[in-house]
Amino acid sequence: MARLTEDMRWMVEHQRLGFVATVCPDGTPNLSPKGTVAVWDAEHLVFADIHSPGTVANLRRNPAVEINVVDALSRRGYRYKGTARIVDGGEELDGIVAFFRERGTKSPIRAGVIVTVETAAPLVSPAYDQGATEDELRERWLRHYAGERSTVA
Ligand SMILES: Cc1cc2nc3c(=O)[nH]c(=O)nc-3n(C[C@H](O)[C@H](O)[C@H](O)COP(=O)(O)O)c2cc1C
């Protein structure tokens, strides 16, 4: 089991968006975004099943999961690989729902998915290989997104 570092925890809490990969019955990948990905404790992540029938069905058959969380500005993040447990009733689900209500999630929650993180590895853009710093990348991509907004406004 991997212990999440402070930066790994920060990245998840700051982004509030992860891409969750599971394995379909035919072996093909399934990847879908979850805005509820959060840190549950030092070794576990959690997300809410609000409308994720494919992810949940896959995890019931095969609990293998990978979640990628990447900051679009600094072009870095982490990939968390592990096994998932679906919590779809009882007091444990009540606790998970209360956790998400506290964070402001208003949608109906069908189940909670607790992920035991087995490995956590950094994801770093090749832009860093060219000597760019985090601050420079942040600034570059902020400008990029600001420009896009002004062209559609
Ligand atoms: C930005 C974003 C965040 C989302 N967050 C969640 C979430 O936290 N939980 C959820 O169940 N669905 C969430 N969804 C919706 C699912 O990703 C979407 O319904 C997807 O098609 C489910 O696919 P799946 O059944 O293969 O998981 C989100 C979608 C987007 C675009």
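Strand β2 gives the shell around the ligand its largest share, 4 residues. Here strands (E, at least two residues) and helices (H or I, at least four) are DSSP runs, numbered from the N terminus. The shell holds 16 residues, and Gly35, Thr36, Ser52, Gly54 and Thr55 are the closest; a residue counts as near the ligand if its C-beta atom, placed from the backbone, lies within 6 Å of it. The elements that supply two or more residues are β2 (29-34), β4 (44-49) and α2 (53-61). By type, the shell splits into 6 nonpolar, 8 polar and 2 charged residues. In this count Ala, Val, Leu, Ile, Met, Phe, Trp, Tyr, Cys and Pro are nonpolar, Asp, Glu, Lys and Arg are charged, and the others, Gly among them, are polar.

A word on the model itself. It is a predicted one, in which local features need pLDDT of at least 70 and side-chain atom pairs count only at pLDDT 80 or more, while totals for chains, interfaces and linings use all residues. Residues are numbered from 1 along each chain as its sequence is written.

Stepping back to the whole protein chain, there are 4 helices and 7 strands, and from the N terminus on they come in the order α-β-β-β-β-α-β-β-α-β-α. The C-alpha trace spans about 50 × 35 × 35 Å along its principal axes. Of the 153 residues, 23% are buried, meaning that 20 or more other C-beta atoms lie within 10 Å of the residue's own; 12 or fewer makes a residue exposed, and anything in between partly exposed, with C-beta atoms placed from the backbone. Among contacts with a separation of 6 or more, 71% link residues 24 or more positions apart, a contact being two C-beta atoms, placed from the backbone, within 7 Å.

The 7 strands make an open sheet with antiparallel pairing, in the order β2-β1-β5-β6-β7-β4-β3. Two strands are taken to pair if DSSP finds at least two bridges between them. At the edges stand β2 and β3 (38-41), each with a single partner strand, so one side of each has no neighbour in the sheet. From one strand to the next the twist averages 35 degrees, based on axes fitted as lines to C-alpha atoms, with angles from 0 to 180 degrees between N-to-C directions.

At one edge, β2 pairs with β1 (residues 18-23) in the antiparallel sense over 6 bridges, with alanine 21 opposite leucine 31 in β2. The two strands form a hairpin with 5 residues between them, and glycine 27 in the turn has a positive phi of about 90 degrees. At the other edge, β3 and β4 run antiparallel and are joined by 3 bridges; aspartate 41 has histidine 44 in β4 as its bridge partner.

Further along comes strand β7 (residues 111-124), home to leucine 123. Leucine 123 is partly exposed, with 14 other C-beta atoms within 10 Å. Leaving aside residues up to four places away in sequence, leucine 123 touches Asn68, Val70, Arg76, Gly77, Tyr78 and Arg79. Its C-alpha atom is separated by 14 Å from that of threonine 5, 118 residues away along the chain.

That leaves helix α3 (residues 90-103). At 1.5 Å times one less than the number of residues, its 14 residues should span 20 Å, and the end C-alpha atoms are 21 Å apart, which agrees. Just 1 of the 14 residues of α3 is buried, so the helix lies largely in the open. After α3 comes glycine 104, with a positive phi near 105 degrees.
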